[in-house]
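These are my notebook entries on a single chain, written down in the order in which I looked things up. The sequence and the structure come first, and the entries follow.

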Amino acid sequence: MDEHAVETWTVRELKTYLEKLGICYADCPEKADLVERVRQCQIAERSRQEQLVAIAVRQSQPAAVPSDVEELLKHAFTKEQLDFIVARIRNQIIPGLIEQISAFQVPPLNETSPDADYGATGVAMEKLQVAPENIDVDVQSNAIRLRITSFSARLREFDWHYARKNKFPRIKDSGRAKAKIEGGSIDILLNITLMPFALDVAHSEVQMDKLVIKTSGTKASFVYNMLLSVFSSALKKQLCLQLASLLQQTIQQLASGLLRR
């Protein structure tokens, strides 16, 4: 598409362009309205590029350049442009994160302790639920913080095994189990760099208030009770660490293309 002849674009092309930027066009009933909205976006982008060039020139004169990154951001971005970046994070990065979490599979868990050997295989997310009001994106000094609170999720039915070794009676059992996550939270911090513009993951953390497990196929109820205490803490730790690593990789990939046309 020729960006200098916006009026020749089709309505579908105009809408696609705005969708890629995360810009709402619900208030643009006519093609002329869409054309004007696209032009405004292009003007804002050209202005941002010109400001970045000006900063680069000032950086060749160290005495004239603010040393604090926050001051650089104030010179580089207007409030509208920062809102534009936040909107794209909401419309591109967060849906991508939720999609990755929903398809997440946990590597096999095999743990050993002086008292028991235990593990689980086939653990995978089945359904993730996040309320829109529990998603927060805000600019903090030279960073952007993404927070998702109070999410819940179900895990697919998985296989487990447990063998108690040094206590009487010795127990060895296995079966199938289901689990659900309650009170989950995600906290991600993205550092902003300007030359060139980039968002780098500085921090990625996943926490869970509770992991509720229901088992099937056990031979005795006391095995079920031991399984709850052993597996809940082990699986929670594994899930939090693996999800944090997955989110860091995913968001780095998504953020790298945040401002690409």
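Entry 1, a threonine. I began with Thr250, which lies in helix 5; helices here are DSSP runs of H or I with at least four residues, strands are runs of E with at least two, and both are numbered from the N terminus. I then looked up its accessibility, and Thr250 is buried, with a relative accessible area of 8%, where buried means under 20% relative accessible area, exposed over 50% and partly exposed in between, for a 1.4 Å probe and protein chains only. Leaving aside neighbours within four places in sequence, Thr250 is in contact with Gly96, Leu97 and Gln100, a contact being heavy atoms within 4.5 Å.

Entry 2, what kind of model this is. I note that this is a predicted model, in which local features need pLDDT of at least 70 and side-chain atom pairs count only at pLDDT 80 or more, while totals for chains, interfaces and linings use all residues. Residues are numbered from 1 along each chain as its sequence is written, and side-chain values use heavy atoms, with hydrogens and water left out.

Entry 3, confidence. The chain averages a pLDDT of 76, and 74% of the residues score at least 70; pLDDT is the predictor's confidence in each residue, from 0 to 100. Confidence is lowest in helix 3 (residues 69-76), with a mean of 50, and highest in strand 5, at 87. Over residues 61-69 the pLDDT is below 50, and I find nine contacts in the model for this stretch beyond near neighbours in sequence.

Entry 4, the chain as a whole. I count five helices and seven strands, and along the sequence they follow the pattern α-α-α-α-β-β-β-β-β-β-β-α. Of the 261 residues, 39% count as buried. Among contacts with a separation of 6 or more, 68% are between residues 24 or more positions apart.

Entry 5, the partners of strand 5. Which strands run antiparallel to strand 5 (residues 143-164), joined to it by six bridges? Strand 2 (residues 116-121) is joined to strand 5 by six bridges in the antiparallel sense, and strand 4 (residues 135-140) also pairs with strand 5 antiparallel over six bridges; two strands pair if DSSP finds at least two bridges between them. Strand 3 (residues 125-129) pairs with strand 5 in the antiparallel sense as well, over four bridges. For each pairing I noted one position: Tyr118 stands opposite Tyr162, Gln129 has Ser152 as its bridge partner, and Val139 has Ile144.

Entry 6, two serines of strand 5. Ser152 is partly exposed, at 24% relative accessibility, and is in contact with Lys127, Leu128, Gln129 and Ile181 once neighbours within four places in sequence are left aside. Ser152 and its bridge partner Gln129 are 23 residues apart in sequence and 5.3 Å apart in space, C-alpha to C-alpha. Ser150, also found in strand 5, has a positive phi near 55° although it is not a glycine. Most residues other than glycine have a negative phi.

Entry 7, the core. The largest nonpolar core has 63 residues, of which Ile144 and Leu146 touch the most other members; such a core is a set of buried Ala, Val, Leu, Ile, Met, Phe, Trp, Tyr and Cys residues joined through side-chain atoms within 4.5 Å. Helix 5 gives the most to this core, with 10 residues. Not counting residues up to four places away in sequence, Ile144 touches ten-odd neighbours that I only sample here, including Ile85, Ile89, Val137, Ile188 and Leu199.Entry 8, back to helix 5. Val230 is placed in helix 5 (residues 221-256) and touches Tyr118 and Tyr162, not counting residues up to four places away in sequence; these two tyrosines stand opposite each other in the pairing with strand 5. I also looked up Val230 against Gly119, and the two are 111 residues apart in sequence and 9.7 Å apart in space, C-alpha to C-alpha.

Entry 9, helix 1. Which residues of helix 1 (residues 11-21) are buried? They are Leu14, Tyr17, Leu18 and Leu21. Seen down the axis of helix 1, these buried residues fall within an arc of 90°, so they line one face of the helix, the arc being that of the directions from the helix axis to the C-beta atoms. Just after helix 1, Gly22 takes a positive phi of about 75°.

Entry 10, cysteines. A search of the whole structure finds zero disulfides, a disulfide being a pair of cysteine sulfur atoms within 2.5 Å. I looked up two cysteines for burial: Cys28 counts as buried at 7% relative accessibility, and Cys240 is buried with a relative accessible area of 15%.
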